[in-house]
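Me: I would like a close look at how one helix packs against its neighbour in this model. Please also describe the loop that comes before that helix, and then set the pair beside other helices of the chain.

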Amino acid sequence: MNLEQYKGVFIYAQQVDNKIDAIALELLGKANDLAADLGTDVTAVLIGSDVKGLVDELAEYGADKVIVVDDPELKEYRTEPYTHALASVINEYKPDILLVGATAIGRDLGPRVSARVATGLTADCTVLEIGEFKARGDKEPRQGQLLMTRPAFGGNTIATIACPNHRPQMATVRPGVMQKKEPVAGAKAEVIEYNPGFTPNDKYVEILDIVKSVTETVDIQAAKILVSGGRGVGSAENFALLDDLAEALGGTVSCSRAVVDNGWKPKDLQVGQTGKTVRPNVYFAIGISGAIQHVAGMEESDIIIAINKDPDAPIFDVADYGIVGDALKIVPKLTEAIKAQVK
């Protein structure tokens, strides 16, 4: 493989119902950082039907170019036509790096595309940076490699992975891990229209019906203040104390995996490696020990406040402020104090 012919940082700009997903904008933010280190540009790959109207939004969030693959076969996400579209873009335009969101769609699409173009993929990355890497047999380290860091062995360690011999270097990133840049109003991108042709075959599934799920669960990734509870809260009933605190703060309640496993809260509220990654202004960790799997989902919060009766709990290692004591006694007093200040 001639690696020299692969240039640029590409992102898959996921859209559903002709609306750009937030993960695409987050990937553009990171892609701009990587492109600056490499001295190259950023390209968004937009796939769908009648999606050309979404180009300007991608430009405002940092895309220098947008490759639009527009075809009626791409109206709804289906594995085979989308895989064919993205793999064809890679073969035609040869990106050095391709980032995909680790959403339900991205987790289906990314591995299939990487297999089709014969390259590697690192899933659920928490850190992406450009650096040097010495592959087996190299006398000197290779410069300008994408170093992809992700939790490994159940989150008990962190692995940094490179893909030195194949292109593109592919990574998936979970929503909320990277930060989108401030949009530049009126920014424009070079638009490239590309269609590799679509011939339905036995790999094309037929969508008979689409049923939209309706949920009343709040989006914890959009919350500015999160009051998160763990096993130490003690019971589902005790979460009423956290509800009161969240209401006083104008925040939202979330939880750890142990809480979900116990059936106290729905999985949509779970923070952590197997839940959601959040970046609130303030994160309360109440009765949460601070396992690495949980910390991976909230360590980028601006301010972390931990309440735990165990002074040696790992959560205090990442907390900005810590209170050692019984959360069931501390939280009501904290709530009362906040309500008094509001009055």
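Reply: What follows takes helix H3 and its surroundings as the central part, and then turns to other helices.

The model is predicted, and the description below rests on values computed from it. Helix H3 covers residues 79–93 and helix H4 covers residues 104–116. Their axes come within 9 Å and cross at roughly 50 degrees. Angles from 35 up to 65 degrees fall outside both the roughly parallel and the roughly perpendicular ranges, and H3 and H4 are therefore oblique to each other. The handedness of this crossing is right-handed. On the H3 side, the contact is made by Thr-79, Glu-80, Tyr-82, Thr-83, His-84, Leu-86, Ala-87 and Ile-90. H4 contributes Asp-108, Leu-109, Arg-112, Val-113 and Arg-116. By class, these contact residues divide into six nonpolar, three polar and four charged. As a general point, an α-helix has 3.6 residues a turn, so residues three or four places apart point the same way.

The loop between strand S5 (65–70) and H3 holds Glu-76. This residue has a relative accessible area of 32%, and Glu-76 is therefore partly exposed. Leaving aside residues up to four places away in sequence, Glu-76 touches Tyr-82, Ile-207 and Ile-210. Tyr-82 is also one of the H3 residues in the contact with H4. Between Glu-76 and Asn-18 the sequence separation is 58 residues, while their C-alpha atoms lie 9.7 Å apart in space.

A second pair of helices can be set beside this one. The axes of H5 (residues 239–249) and H9 (residues 327–342) come within 9 Å and cross at roughly 20 degrees. That angle makes H5 roughly parallel to H9. Their crossing is left-handed. In this contact, Leu-241, Asp-244, Leu-245, Ala-248 and Leu-249 of H5 meet Leu-328, Val-331, Pro-332, Leu-334, Thr-335, Ile-338, Lys-339 and Val-342 of H9. The classes here are 10 nonpolar, one polar and two charged residues.

Helix H1 (residues 22–38) offers a check on helix geometry. Its 17 residues, at 1.5 Å a residue, should span 24 Å, and the end C-alpha atoms are 25 Å apart, which agrees. The buried residues of H1 include Ile-23, Leu-27, Leu-28, Ala-31, Leu-34 and Ala-35. Glu-26 and Lys-30 are also among the buried residues. After H1 comes Gly-39, with a positive phi near 70 degrees.

Conventions. Residues numbered from 1 in each chain as written. Predicted model: local features only at pLDDT ≥ 70, side-chain atom pairs only at ≥ 80, totals over all residues. Heavy atoms only, no water. Axes fitted to C-alpha atoms, helices over the stretch in contact; angles between N-to-C directions. Helix = DSSP H or I, 4+ residues; strand = E, 2+ residues; numbered from the N terminus. Parallel < 35°, antiparallel > 145°, perpendicular 65-115°, else oblique. Left-handed = near helix turned anticlockwise from the far one by under 90°. Contact = heavy atoms within 4.5 Å. Nonpolar A, V, L, I, M, F, W, Y, C, P; charged D, E, K, R; others polar. Expected span 1.5 Å × (residues − 1). Buried < 20%, exposed > 50% of the residue type's maximum accessible area, 1.4 Å probe, protein only.
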